[in-house]
Structure formats: structure tokens, C-alpha cells
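This report walks through one protein chain, from its overall make-up to individual helices and residues. The sequence and the structure are shown first.

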Amino acid sequence: MTSRSNSDPQPDRTSDRDRTAEARDRILEAAIREFSEHGLAGARTEQIAAAAGVNKALLYYYFDSKENLYSAALELVSARVRDRSMAVFLRDASPGERLIRAAIDHFDRILSQREFQTLMQHELMRMHKGESGELPLLVKRVFAPIQAMFQSMIREGVASGELIDADWFQIVLSALGANVFYFLSAPVWRLVLPVDPFDHEVLRARRTAVAEFLGQALFIDRKLGAELAARVLADTPMPETVTFNTSEVKAK
């Protein structure tokens with residue numbers, strides 16, 4: 001029997017784990033794109049595997065089924081939204097400033113994270129059809145924590161005298177609802193307005209108006225609100241404009 005000397009090459013288990021994690025990540029990213037485009041029923045695992053640069057057998061090795069892959073992809077993209085939102089809520093700033101930042105972050109998410117918007121729309125359609133879907137779990141893991149943070153943040157701002165004394169949920173609707181309405185109604189705005197609602201400069205102006213309106217409407221001290229809105233806009237660059245087909249715009 002021979003013993004392995006210290007100079008003999010050792011199996012590179014770390015590299016194997018890294019390659020495994022990398023392949024799994026590529027599959028998930030490809031799945032997010034495919035499912036957001038076609039939904040669970042229309043997505044093809046062959047396309048996902050090809051886009052990820054793996055064979056179909058490896059896809060099923062990691063996720064067992066198309067449904068499990070869909071759940072994992074949806075959970076990943078939703079967790080990114082949750083973590084990004086929580087980072088805004090936990091920022092070292094006054095409740096009012098965090099509220100303006102949350103509204104701008106929401107605007108930017110609709111603008112730049114199309115996959116999340118379309119996946120949520122697919123889930124809403126599944127729910128309306130009476131299918132068992134992922135939405136209840138996503139509400140519990142993602143949207144309920146976000147709403148709880150909004151409620152706590154706004155009540156803190158009201159108690160401190162920074163924000164007007166109004167129903168917290170109405171403030172949320174005012175801060176986020178205008179974003180949703182603008183993007184969902186884009187086909188109408190395109191017919192009504194003399195500008196393209198998704199022109200880069202039009203979007204920039206609308207984004208600025210969101211922050212400035214909240215600074216004026218929700219703060220007891222309007223001068224302070226205006227200053228905070230300007231600060232948020234100054235240090236939060238607008239993401240690159242996405243090319244939209246307005247008939248496919250979804251917002252959440």
C-alpha cells in the first residue's frame with residue numbers, strides 16, 4: 001500500500017463547489033428571464049438550459065422539476081426587491097427622507113426590473129384563474145414585511161412631527177400609487193400627452209416630480225421636505241432607461 005505524499009495533487013473541492021454554485025446561478029438567471037417572458041406554462045426548460053449553458057439533465061438535477069425551478073426563480077427575484085427595500089427603510093435618515101427614498105426606489109424598480117413586474121403579473125393571473133400559485137408565500141415573505149416597515153416608518157414620522165398626521169396606508173398609496181398608475185397608464189398617456197411617456201427626459205422629469213410632490217405634500221415643514229427631496233434626487237442617479245413595449249408594461 002502506498003501513501004499519498006504532501007506533494008501529491010489534492011482534489012480541488014472548493015473549485016468544484018464554485019463551479020456548481022456558478023452553474024446553479026446561471027440557471028436561475030436564465031429561468032427568471034424565460035419565466036418572466038412566457039410564464040410558468042409557456043416557458044421551456046430547453047430554452048433555460050441553453051441560455052444557462054448547461055444540459056437539461058443538470059437543470060433537473062438541481063431543481064427536480066420545472067415548477068421547483070419557477071418557485072426558486074420567483075423567490076430569488078422577489079428577495080432582491082425585499083432586500084433593496086429594506087436597505088432603504090434601515091438607512092440612517094429621518095422617516096420623511098426614507099419615505100421619499102422608498103418612493104424613488106419604487107419608481108426605479110418599475111423602470112429597471114421588468115422581470116419582477118412581469119412575474120408578479122403572471123402570479124396575479126394564476127390567482128384569478130383559481131390556480132394554486134406562489135403569491136400567498138411571496139406576500140408573507142416579501143410584501144408583508146415591506147408594508148410593516150412602511151407602517152412603522154410613517155407612524156414614527158408622524159409622532160416626531162416631521163410628517164402630516166394622516167392615515168399611514170393612505171400615505172403609502174400616495175407615495176407609491178402614482179408610480180403604478182403612471183406606468184400602467186402609459187399607453188393612454190402616449191395618446192394624450194405631446195411627449196413619449198418613456199422618453200428618458202420625460203421619465204427623469206416625472207421621477208423628479210414624485211420626490212418634489214412628496215416633499216411638499218407630506219411634510220409639516222415644506223421647506224425641509226423640499227430640501228430632503230433635492231438631497232434624495234442628488235445622490236440617487238436614475239437607472240438607465242429601459243425600452244418598453246407599453247402594451248406589456250406591468251407594475252407592482
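The text below describes the chain as a whole, then some of its helices, and then a few single residues.

**The chain as a whole**

The coordinates come from a predicted model, and every value given here should be read with that in mind. The chain has 11 helices and 0 strands, and read along the sequence it accordingly follows the pattern α-α-α-α-α-α-α-α-α-α-α. Of its 252 residues, 42% count as buried. Among the contacts in the chain with a separation of 6 or more, 70% are accounted for by residues 24 or more positions apart.

**Spans of three helices**

The table lists three helices with their lengths and their spans from first C-alpha to last.

| Helix | Number of residues | Span | Expected span at 1.5 Å a residue |
|---|---|---|---|
| H5 | 18 residues | 25 Å | 26 Å |
| H6 | 15 residues | 21 Å | 21 Å |
| H11 | 14 residues | 20 Å | 20 Å |

For H5, the reach of 25 Å is close to the expected 26 Å. The reach of H6, which covers residues 114-128, is likewise close to its expected value, and so is that of H11, which covers residues 222-235.

**H5, H6 and H11**

H5 is mostly covered, with 17 of its 18 residues buried. One residue of H5 is Glu-97, a buried position with a relative accessible area of 6%. Leaving aside residues up to four places away in sequence, Glu-97 touches Arg-91, Glu-162, Phe-219, Leu-228, Arg-231 and Val-232.

In H6, the buried residues are Phe-116, Gln-117, Thr-118, Leu-119, Met-120, His-122, Glu-123 and Arg-126. The helix is followed by Gly-130, whose phi is positive, near 80°.

In H11, Gly-225, Leu-228, Ala-229 and Val-232 are buried. Seen down the axis of H11, these buried residues fall within an arc of 105°, so they line one face of the helix. Lys-223 and Ala-234, on the other side of H11, are exposed. What covers the buried residues of H11 includes H5 (95-112) and H10 (200-217). Leu-228 and Val-232, which are buried in H11, are also among the residues that Glu-97 touches.

**The contact of H7 with H8**

How do the axes of H7 and H8 cross, and how far apart do they come? The axes of H7 (residues 135-160) and H8 (residues 168-184) come within 9 Å and cross at roughly 110°. That crossing angle makes H7 roughly perpendicular to H8, because angles of 65 to 115 degrees count as roughly perpendicular. On the H7 side the contact is made by Gln-147, Phe-150, Gln-151, Ile-154 and Arg-155, while on the H8 side it is made by Trp-168, Phe-169, Ile-171, Val-172 and Leu-176. By character, the residues of this contact divide into 7 nonpolar, 2 polar and 1 charged.

Gln-151, found in H7, is one of the residues of that contact. Gln-151 is partly exposed, with a relative accessible area of 23%, a value that lies between the 20% cut-off for buried and the 50% cut-off for exposed. The C-alpha atoms of Gln-151 and Asp-167 are separated by 9.6 Å, although these two residues are 16 residues apart along the chain.

**Two residues in loops**

Asp-64 has its place in the loop between H3 (56-63) and H4 (66-89). Its phi is near 70°, which is a positive value in a residue other than glycine. Is Asp-64 buried or exposed? Asp-64 is exposed, with a relative accessible area of 58%, and this assignment follows because exposed means over 50%.

Val-195 lies in the loop between H9 (186-192) and H10. With a relative accessible area of 39%, Val-195 is partly exposed. Not counting residues up to four places away in sequence, Val-195 touches Trp-189 and Val-202.

Notes
Residues are numbered from 1 along each chain as its sequence is written. This is a predicted model: local features need pLDDT of at least 70, side-chain atom pairs count only at pLDDT 80 or more; totals for chains, interfaces and linings use all residues. Side-chain values use heavy atoms; hydrogens and water are left out. Helices (H or I, at least four residues) and strands (E, at least two) are DSSP runs, numbered from the N terminus. The expected span of a helix is 1.5 Å times one less than its number of residues. Buried means under 20% relative accessible area, exposed over 50%, partly exposed in between (1.4 Å probe, protein chains only). Axes are lines fitted to C-alpha atoms, for helices over the stretch in contact, and angles run from 0 to 180 degrees between N-to-C directions. Angles under 35 degrees count as roughly parallel, over 145 as roughly antiparallel, 65 to 115 as roughly perpendicular and the rest as oblique. Contact means heavy atoms within 4.5 Å. Ala, Val, Leu, Ile, Met, Phe, Trp, Tyr, Cys and Pro count as nonpolar, Asp, Glu, Lys and Arg as charged, and the others, Gly among them, as polar. The arc is that of the directions from the helix axis to the C-beta atoms.
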